[in-house]
Amino acid sequence: MGVFSILTAAVAPGIALLTYLYLRDRYESEPIHMVARMFLLGVLIVVPIVVIQRGLELWWGQNPVMFSFVESAGIEEFVKWFVLYHVIYNHTEFDEPYDGIVYSGSIALGFATLENVMYAFFAPSTFGTLLMRALLPVSGHALFGIMMGYYLGKAKFAASANKKRLYLIISLALPLLLHGSYDWIMITQQSNWMFFIIPFMAGLWVWGLYKIQRASARSPFRFLTREDEVKL
């Protein structure tokens, strides 16, 4: 495969999934520059995450549980959550529950896209391997981002401080556990991983699409008429 073909194949899945999440925002689409900003932040956090992961790997070694739930999922999901909370959670553009999914999906897919590009250029890559990565790691990051964003949206608009704290905890803990489980399956079931990861991902897709529908249904803008939207 040529360089341009490899780059296109590596970038396309993340852009396609982000476009899908953006277009599902039916009531008040987010500004493109804000979505692009979060996508770029997802790209930029790859370097510090890789450095931290390498340090932990040298410290702890290759323990599958520690690698899956701390070195990989723990570091990646915490850094994404930290950036989202401090950059977008209190932003004025975060004005409906579904926005959490859009922005969390943006940073997750920015991270996944650069990770995919690095894999494509630094590991032997064929169309088949890139397609497999689009179906598994890239879509996995998108789904972990959907879970994170869904509960960030619930926290943002929760009625009480206790519920806000609970949903904020879930917004970090749930994607971390799902991501860690994904990594643990891929590491420990190397000979028959497909029998475990395919139903895992299928279930996650069904759950993720349900969360998208639920978040969209709670939009405060869903009752506005077209004239009201123009006035806003």
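How many aromatic pairs does the count come to? The count comes to 10 aromatic pairs. Keep in mind that this is a predicted model. Here is a tour of some of those rings, and then of some helices.

**Stop 1: two tryptophans**

Select W59 and W60. Their rings form a stacked aromatic pair. The centres are 5.1 Å apart, and the planes differ by 10 degrees. Stacked is the right word because planes under 30 degrees apart count as stacked. Now show the surface. W59 has a relative accessible area of 64%, so this residue is exposed. W60 has 35% relative accessibility, so W60 counts as partly exposed.

**Stop 2: two phenylalanines**

Next, select F78 and F82. These two also form an aromatic pair, but this one is tilted. Centre to centre, the distance is 5.9 Å, with 40 degrees between the planes. Color helix α4, residues 64-87, and you will find both F78 and F82 in that helix. They sit 4 residues apart, about one turn of the helix. F78 is partly exposed, with a relative accessible area of 39%. F82 is partly exposed too, at 41% relative accessibility.

Now widen the selection. Add W81, Y85, Y89, F94 and F157 to F78 and F82, and you have one aromatic cluster.

**Stop 3: a lysine in α7**

Which residues does K164 touch, leaving out those up to four places away in sequence? Select K164 and look around. The list is Y89, A155, K156, F157 and A158. Two of these names, Y89 and F157, belong to the aromatic cluster you just built. K164 itself is found in helix α7. At 29% relative accessibility, K164 counts as partly exposed.

**Stop 4: helices α7 and α8**

Stay with α7. Select residues 161-188 for α7 and residues 194-217 for α8. The two axes come within 10 Å and cross at roughly 160 degrees. The angle is over 145, so α7 is roughly antiparallel to α8. The crossing is left-handed.

Show the side chains where the helices meet. From α7, pick L174, L178, S181, Y182, I185 and M186. Across from them in α8 are F196, I197, F200, M201, L204 and W207. What classes of residue make up this contact? There are 11 nonpolar residues, 1 polar and no charged.

**Stop 5: helices α2 and α3**

Move to α2, residues 32-44, and α3, residues 46-60. Their axes are 5 Å apart, at an angle of about 30 degrees. Since angles under 35 degrees count as roughly parallel, α2 is roughly parallel to α3. G42, V43 and L44 in α2 meet V46, V47 and P48 in α3. This contact has 5 nonpolar residues, 1 polar and no charged.

**Stop 6: a valine in α2**

Is V35 buried or exposed? Select V35, which lies in helix α2. Its relative accessible area is 6%, so V35 is buried. Beyond residues up to four places away in sequence, V35 touches L18, Y22, E30, V102, Y103 and S106.

Finish with two distances. Draw a line between the C-alpha atoms of V35 and Y103: these residues are 68 apart along the chain, and the atoms are separated by 6.3 Å. Then draw one from V35 back to K164. Here 129 residues lie along the chain from one to the other, and the C-alpha atoms are separated by 24 Å.

Conventions
Residues numbered from 1 in each chain as written. Predicted model: local features only at pLDDT ≥ 70, side-chain atom pairs only at ≥ 80, totals over all residues. Heavy atoms only, no water. Axes fitted to C-alpha atoms, helices over the stretch in contact; angles between N-to-C directions. Helix = DSSP H or I, 4+ residues; strand = E, 2+ residues; numbered from the N terminus. Parallel < 35°, antiparallel > 145°, perpendicular 65-115°, else oblique. Left-handed = near helix turned anticlockwise from the far one by under 90°. Contact = heavy atoms within 4.5 Å. Nonpolar A, V, L, I, M, F, W, Y, C, P; charged D, E, K, R; others polar. Phe/Tyr/Trp six-rings, centres within 6.5 Å; stacked < 30°, edge-to-face > 60°. Buried < 20%, exposed > 50% of the residue type's maximum accessible area, 1.4 Å probe, protein only.
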